[in-house]
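Welcome! Here is a short guided walk through a protein structure, with the terms explained along the way.

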Amino acid sequence: MSSQQPESAPRPDSAPPTPPPTPLTPPQLQLGVDRTSPVPLYFQLAQQLEAAIERGRLAPGSLLGNEIELAGRLGLSRPTVRQAIQSLVDKGLLVRRRGVGTQVVHSQVKRPLELSSLYDDLEAAGQRPATRVLRNTVEQATAEVAAALGVPQGAEVLLVERLRYAHDEPMAFLRNRLPVGLFDCDTERLESTGLYRMMRSAGITLHSARQKVGARAATAEEAERLTEHPGAPLLTMERTTFDDTGRAVEFGSHIYRASRYAFEFQLLVRP
């Protein structure tokens, strides 16, 4: 009597079993939609996924798998899920990679409109800030710079240009002018800490600032610096900062990648 091989044993020439699909989202991540709400279903889902990314529940590098799984999990149509995911791709929070799938990238930095430095804000958000100093030199003040810093036109001012990175990705191009001799503006220290920290260490008390926020398209040179395409939207910010004696200590002209950066502020109703 010949012995039979158990049915559970694989045949020598059979293909290896297909691995189970990667989960769309961690099982502890609670997602749901309110069908009675006037808010579109895709937007509800996009908001929940965006919140999960910002709070670290969906870490950078996480794979979202396929849309069918999430659609079945929430009882939504595939086009609804696709629209939610695409909205986050457009914001720069997700990226579609050929042969890999939809992947979480770093969350958008939301910076409060207050007197703080980008370095401190990135560090507080766990974004691993880094700096590359492009220029640290003395130049003659233009009329605009002279008016901002309260110095004669043509007077010498310090020019500092830096690229600010988060997670090894360029976030902003920072151009600052400062009065000469204000403090020791060492290039090596500029690449290891923030400008405002250096000012405070030198005994300068930052008190207030006048700031203007805008937007425009990136030039070819700016796009190359920030790894964007020419014409990409950029946020702009001009700031004149004053110390506790009313002296202007810094005039900054900065540009930020709109895909990775946003200004956030709170509005109060005037009584």
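Two residues are in contact when they have heavy atoms within 4.5 Å. Helices (H or I, at least four residues) and strands (E, at least two) are DSSP runs, numbered from the N terminus. The model is predicted, so local features need pLDDT of at least 70 and side-chain atom pairs count only at pLDDT 80 or more, while totals for chains, interfaces and linings use all residues. Residues are numbered from 1 along each chain as its sequence is written, and side-chain values use heavy atoms, with hydrogens and water left out.

**The whole protein**

The protein's secondary structure comes to eight helices and ten strands. Of its 271 residues, 41% count as buried; buried means under 20% relative accessible area, exposed over 50%, and partly exposed in between (1.4 Å probe, protein chains only). Among contacts between residues at least 6 apart in sequence, 59% join residues at least 24 apart.

**Helix H3 and its surroundings**

Let us start with H3, which covers residues 78-90. Its 13 residues reach 18 Å from first C-alpha to last, close to the 18 Å expected at 1.5 Å a residue (the expected span is 1.5 Å times one less than the number of residues).

Which residues of H3 are buried? They are Thr80, Val81, Ala84, Ile85 and Leu88. These residues lie on the same side of H3 because they cover an arc of only 130° around the axis, the arc being that of the directions from the helix axis to the C-beta atoms. The face turned away from the buried side carries the exposed residues Pro79 and Asp90.

What do the buried residues of H3 pack against? Their partners are helix H1 (41-54), helix H2 (67-74), strand E1 (94-97) and strand E2 (101-104). Thr80, for one, touches Leu41 and Tyr42, not counting residues up to four places away in sequence. In helix H2 we find Glu69, whose C-alpha is separated by 9.8 Å from that of Val81, twelve residues apart along the chain. After H3 comes Gly92, with a positive phi near 85°.

**Four residues side by side**

| Residue | Place | Relative accessible area | Class |
|---|---|---|---|
| Thr80 | helix H3 | 18% | buried |
| Glu69 | helix H2 | 34% | partly exposed |
| Phe251 | strand E9 | 5% | buried |
| Thr227 | loop between H8 and E8 | 51% | exposed |

Phe251 is in contact with residues including Glu144, Leu149, Arg175 and Thr240, leaving aside neighbours within four places in sequence. Phe251 and Ala147 are 104 residues apart in sequence and 9.9 Å apart in space, C-alpha to C-alpha.

Most residues other than glycine have a negative phi. Thr227, a residue other than glycine, has a positive phi near 50°.

**The largest pocket**

About 190 Å³ of space lies in the largest pocket. Of the 15 residues that line this pocket, the closest to its centre are Arg216, Thr236, Ser253, His254 and Ile255. The elements giving two or more residues to the lining are strand E6 (169-179), strand E7 (206-217), helix H8 (220-225), strand E8 (233-243) and strand E9 (248-257). On a 1 Å grid over the protein atoms alone, a pocket is an open set of points where a 1.4 Å probe fits, with protein on both sides within 12 Å along at least five of seven lines, and lining residues have an atom within 4 Å of a point.

Conventions: Grid points are joined across faces, edges and corners, and a volume is the space filled by probe spheres set on the points.
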